[in-house]
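Please work through the model below one element at a time, with the cut-offs stated where each term is introduced. Which questions would a careful reading of the coordinates answer?

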Amino acid sequence: MRRAALYILAGIMFFFFRSIPVHAEEPVIVVLDPGHGGENLGAEYEQYTEKNMTMTVAESMKEELEKYEGVTVYLTRNEDKDMTLEERVDFAKSVNADFLFCLHFNMSEKHDLFGAEVWVSAFDNEYKKGYTFASVEMDMLKGIGLYSRGIKTRLNDEGEDYYGILRHATANDLPSALIEHCHLDQANDKEFYTSEEKLRQFGVLDATAVAKYYGLKSETLGVDYSDYQNVEIAVPTSAVKPDDTEPDICIIDVKDVNEENGDVSVSVSAQDYDSYMLYYSYSFDGGMTFSDLQRWKEGEDTIRFTMNVPSGTLPEVVVRAYNGFDKFTESNHIHLSSLVYGEPTEEAVEASNMTKGNVIEQGSSDTSIEASEGQKNHQSKKEQKEENQITIIYFLQVTLICIAILFVLLVFAMILSSSRSKKKRGRRK
Ligand SMILES: [Zn+2]
């Protein structure tokens, strides 16, 4: 009898709990922070102003995110106004936010950097959550063709988070991430932000990253991310420090020189034991000038590239390899012999004469010996040709003299014979 009562009780409990949905959590509350505002313009480049761009992205992100179920979205500012970083975090706390997403665009001092990066707090659960979201976001930014500068932490002199908004958020146990979508001052990123439509696409991308991170569903969009697998990150026991040292290795080797078109193939081996390689730049004038930054091949220790050296150059090749924190190490220098190819320009010929002069002075190059031997051959051929011409002229002269002598003899013979026949006739008369 007691057992039967237990079965009935278990049955009632089963039906009761089954009617409660598994994901019956409170809706996720997210706060989007359009960076800067009011007097604080943020980055300014050509006709682009960061505070307006971040607002366009935030509005589009909110609109897209609200198409999902189980999410409540707020903006820290709905108008163009000044707000301190503390005020932004305080607002997020006041609405009981689960996450603060800070939207930004970047610029660099030398206008040389390009790509997207996400900054996260270096501490505790805020690092874990920040990094986990940033992994989704970065995958999507890479998916549209942006170059990943990485997911990073940065500390100030006191060893706290460098970025104020991350620092305040972490102090309030609020997970956050600061998205620098791309650089406004570099050609590589130009295609991503130049119209309102493109900025709105960033908003949709950011919203989708949030939806994936939280495993949201949208009937309107017909998508379900409830099975989305986030990366597994442990809560760090101490601050996750950024890399403040240069790459450990940078060695180059010249693999091939095409003397027809000046293409020089170079291999670069570079490594950073603390972080990862990000860019490289090259020089063929011994480091006086360098190329624009080039993408490093992700995950590779050795890459190979081809650079074109202009005709008339005496190349001295050197490469700089940059890590994910924009610190570089310069390689060994490699000297090559002078390159002259194609239609020679005046400058190229002059340069080549100068460099040839140098080589001959040094007297150490096989090519200079070959060249002088070649010149000798060339000279003797010319002499032979001249000799042949002289022989022909001599032969013609001798022939002409012979013809002239014969002609004179013939005339003399004719005169002689005619005077004899006159004498004979005169005797007959
Ligand atoms: Zn900014």
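Helix packing and buried positions

Q: Is the crossing of H3 and H5 left-handed or right-handed?
A: The hand of a crossing is left-handed if the near helix is turned anticlockwise from the far one by less than a right angle, and right-handed if clockwise. This is a predicted model, in which local features need pLDDT of at least 70 and side-chain atom pairs count only at pLDDT 80 or more, whereas totals for chains, interfaces and linings use all residues. Residues are numbered from 1 along each chain as its sequence is written. For H3 and H5, the crossing is right-handed.

Q: At roughly what angle do the axes of H3 and H5 cross?
A: Helix H3 covers residues 85-94 and helix H5 covers residues 164-171, both being DSSP runs numbered from the N terminus (H or I, at least four residues, for helices; E, at least two, for strands). In H3, Leu85, Glu86, Arg88 and Val89 meet Gly164, Ile165, His168 and Ala169 in H5, a contact being C-beta atoms, placed from the backbone, within 7 Å. The axes (lines fitted to C-alpha atoms over the stretch in contact, with angles from 0 to 180 degrees between N-to-C directions) come within 9 Å and cross at roughly 40 degrees.

Q: What is the angle at which H4 and H6 pack?
A: From H4, the residues Thr132, Phe133, Val136, Glu137 and Met140 meet a set in H6 made up of Leu205, Asp206, Thr208, Ala209, Lys212 and Tyr213. The crossing of these two helices is right-handed. Helix H4 (residues 124-143) and helix H6 (residues 196-214) have axes 9 Å apart, and the packing angle is about 135 degrees.

Q: How close do the axes of H2 and H6 come?
A: The crossing of H2 with H6 is right-handed, and the contact draws on many residues, including Met53, Thr56, Val57 and Ala58 of H2 and Leu199, Phe202, Gly203 and Val204 of H6. Helix H2 spans residues 50-65 and crosses H6 at roughly 50 degrees, with the axes coming within 7 Å.

Q: Which helix is among the elements that cover the buried residues of H2?
A: Buried residues of H2 include Glu50, Lys51, Met53, Thr54, Met55 and Val57, and further along Ala58, Ser60, Met61, Glu64 and Leu65; a residue is buried if 20 or more other C-beta atoms lie within 10 Å of its own, exposed if 12 or fewer, and partly exposed in between, with C-beta atoms placed from the backbone. The cover of these residues includes the strands S1 (28-34), S3 (48-49), S4 (71-75) and S5 (99-106), together with the helix H6.

Q: Which strand of residues 176-183 helps to cover the buried residues of H6?
A: In H6 itself, Leu199, Phe202, Gly203, Leu205, Asp206 and Ala207 are among the buried residues, as are Thr208, Ala209, Val210, Ala211, Tyr213 and Tyr214. Immediately beyond the helix comes glycine 215, whose phi is positive, near 65 degrees. The elements covering the buried residues include S1, H2, S5 and H4, and also the strand in question, S8.

Q: Is histidine 36 buried or exposed?
A: Histidine 36 sits in the loop between S1 and strand S2 (44-45). Its phi is near 65 degrees, a positive value in a residue other than glycine. Because histidine 36 has 24 C-beta neighbours inside 10 Å, it counts as buried.

Q: How many other C-beta atoms lie within 10 Å of histidine 111?
A: Histidine 111 belongs to the loop between S5 and strand S6 (116-120), and its phi is near 55 degrees, again a positive value in a residue other than glycine. Histidine 111 is partly exposed, because the number of other C-beta atoms within 10 Å is 14.

Q: What distance separates the C-alpha atoms of serine 337 and threonine 313?
A: Serine 337 is in the loop between strand S18 (334-335) and helix H7 (346-362), and with 13 C-beta neighbours inside 10 Å it counts as partly exposed. Although serine 337 and threonine 313 are 24 residues apart along the chain, their C-alpha atoms are separated by 8.7 Å.

Q: What percentage of the residues in the chain is buried?
A: The chain contains 8 helices and 18 strands. Among the contacts in the chain with a separation of 6 or more, residues 24 or more positions apart account for 72%. Of the 429 residues in the chain, the buried share is 32%.

Technical notes. Two residues are in contact if their C-beta atoms, placed from the backbone, lie within 7 Å.
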